[in-house]
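Reader: I would like to go through this model one point at a time, with the reasoning shown before each result.

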Amino acid sequence: AYAKTEAVQGAIVAWIILGEVLTPFSIVGILVGVSGVLVLSWGGKGLAPRDILAATVQPAALCGLGAGFVFAFTAIFIKDANRALPGDIVIIKALFGLLVTNLMQTAMQGSFLLWREPDQFRAAFRTWRSSAWVGALSACGSACWFSAFALAPVALVRALGQVEMVFTLLFSRFYLHEKLRRADVQGLVLVVAGVVLVLLGR
């Protein structure tokens with residue numbers, strides 16, 4: 001759950017490093033959207049403010065906050081790399097940056113898997129027909145992320161990206177036929193409200 005604070009952390013880091021300034025509407029929208037994601041992540045456990053504060057200093061929560069911080073910096077670096085590339089077509093530069101990133105990930109993760117778990121490395125090639133769909137969809141999603149980072153402020157992109165939680169819940173409800181809880185509905189309303197506020201502030 002705490003990794004989802006990335007949008008807030010990203011807004012602060014982008015302001016410090018890139019000088020990106022957001023409107024009050026956008027800032028409120030980011031905070032509302034993150035609140036909705038946290039409500040969804042906590043799953044309606046009914047935690048009191050004191051319990052939430054105590055949970056925030058637990059090792060797992062600190063790791064989540066750290067992950068959000070690293071994700072925020074990753075988005076900053078992606079945007080900065082796009083700026084550094086030559087050329088005038090922003091989308092082409094974003095896709096080229098994605099290509100280089102994917103090649104590096106494949107080389108590093110593939111080498112590690114071959115070194116530590118050679119059986120799993122060979123299994124990945126045996127199941128390429130099913131895993132290829134996952135890889136292709138993931139690549140398309142990454143292409144959208146990289147392009148969005150190149151075109152808009154990092155914090156706004158991450159805030160709007162939280163709408164994925166809405167699609168995930170709708171998919172689980174109508175495709176997997178899972179029952180939505182009250183906390184799920186509350187979280188959905190907050191996420192959608194946050195997205196609307198971000199769009200109004202844009």
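Reader: In what order do the elements of the protein chain run from the N terminus on?

Author: This is a predicted model, and every value below is computed from it. The protein chain has 10 helices and zero strands. From the N terminus on, the order is therefore written with helix symbols, strands being runs of another DSSP class. The elements run α-α-α-α-α-α-α-α-α-α.

Reader: What does the C-alpha trace of the protein chain span along its principal axes, and what percentage of the residues is buried?

Author: Along the principal axes, the C-alpha trace spans about 45 × 40 × 35 Å. A residue counts as buried when its relative accessible area is under 20%. Of the 202 residues in the protein chain, the buried share is 32%.

Reader: Among contacts between residues at least 6 apart in sequence, what percentage joins residues at least 24 apart?

Author: Contact here means heavy atoms within 4.5 Å. With pairs restricted to residues at least 6 apart in sequence, the share joining residues at least 24 apart is 79%.

Reader: How are α1 and α8 oriented to each other?

Author: Helix α1 covers residues 6-17 and helix α8 covers residues 154-161, and their axes come within 8 Å. The axes cross at roughly 170°. Angles over 145 degrees count as roughly antiparallel, so α1 and α8 are roughly antiparallel to each other.

Reader: Which residues of α8 meet α1, and how many residues of each class are in that contact?

Author: On the α1 side are Glu6, Ala7, Gly10, Ala11 and Ala14, and they meet Val154, Ala155, Arg158 and Ala159 in α8. By class, the contact of α1 with α8 has six nonpolar, one polar and two charged residues.

Reader: Are α1 and α4 parallel or oblique to each other, and is their crossing left-handed or right-handed?

Author: The axes of α1 and α4 are 8 Å apart and make an angle of about 45°. That angle falls outside the ranges for roughly parallel, antiparallel and perpendicular, so α1 and α4 are oblique to each other. Their crossing is right-handed.

Reader: Which residues make the contact of α1 and α4, and what is its make-up by class?

Author: From α1 come Glu6, Gln9, Gly10, Val13, Ala14 and Ile17. From α4 come Leu65, Gly68, Phe69, Phe71, Ala72, Phe73 and Ile76. By class, the contact of α1 with α4 has nine nonpolar, three polar and one charged residues.

Reader: Is Lys79 buried or exposed, and which residues is Lys79 in contact with beyond four places in sequence?

Author: Lys79 is found in helix α4, residues 59-84. Its relative accessible area is 7%, so Lys79 is buried. Leaving aside neighbours within four places in sequence, Lys79 is in contact with Leu18, Glu20, Phe149, Ala150, Ala152, Pro153 and Val154.

Reader: Where does Glu20 lie, and what separates the C-alpha atoms of Glu20 and Ala155?

Author: Glu20 lies in the loop between α1 and α2 and counts as buried at 12% relative accessibility. Leaving aside neighbours within four places in sequence, its contacts include Lys79, Arg83 and Ala155. Glu20 and Ala155 are 135 residues apart along the chain, and their C-alpha atoms are separated by 8.8 Å.

Reader: How many salt bridges does a search of the whole structure find, and which side chains meet there?

Author: The search finds one salt bridge, with an N to O distance of 2.4 Å. Its partners are three residues apart in helix α6 (residues 118-126), so they are separated by about one helical turn. One partner is exposed at 51% relative accessible area and the other is partly exposed at 45%. The side chains are those of Asp119 and Arg122.

Reader: At roughly what angle do α9 and α10 cross, and which residues make the contact?

Author: The axes of α9 (residues 164-174) and α10 (residues 182-201) come within 9 Å and cross at roughly 145°. The crossing is left-handed. The contact is made by Met165, Val166 and Leu169 of α9 and Asp184, Leu188, Val191 and Val192 of α10.

Reader: What is the phi of His177 near?

Author: His177 is found in the loop between α9 and α10 and is exposed, with a relative accessible area of 63%. Most residues other than glycine have a negative phi. For His177 phi is positive, near 60°.

Notes: Residues numbered from 1 in each chain as written. Predicted model: local features only at pLDDT ≥ 70, side-chain atom pairs only at ≥ 80, totals over all residues. Heavy atoms only, no water. Axes fitted to C-alpha atoms, helices over the stretch in contact; angles between N-to-C directions. Helix = DSSP H or I, 4+ residues; strand = E, 2+ residues; numbered from the N terminus. Left-handed = near helix turned anticlockwise from the far one by under 90°. Buried < 20%, exposed > 50% of the residue type's maximum accessible area, 1.4 Å probe, protein only. Salt bridge = Lys/Arg side-chain N within 4 Å of Asp/Glu carboxyl O. Parallel < 35°, antiparallel > 145°, perpendicular 65-115°, else oblique. Nonpolar A, V, L, I, M, F, W, Y, C, P; charged D, E, K, R; others polar.
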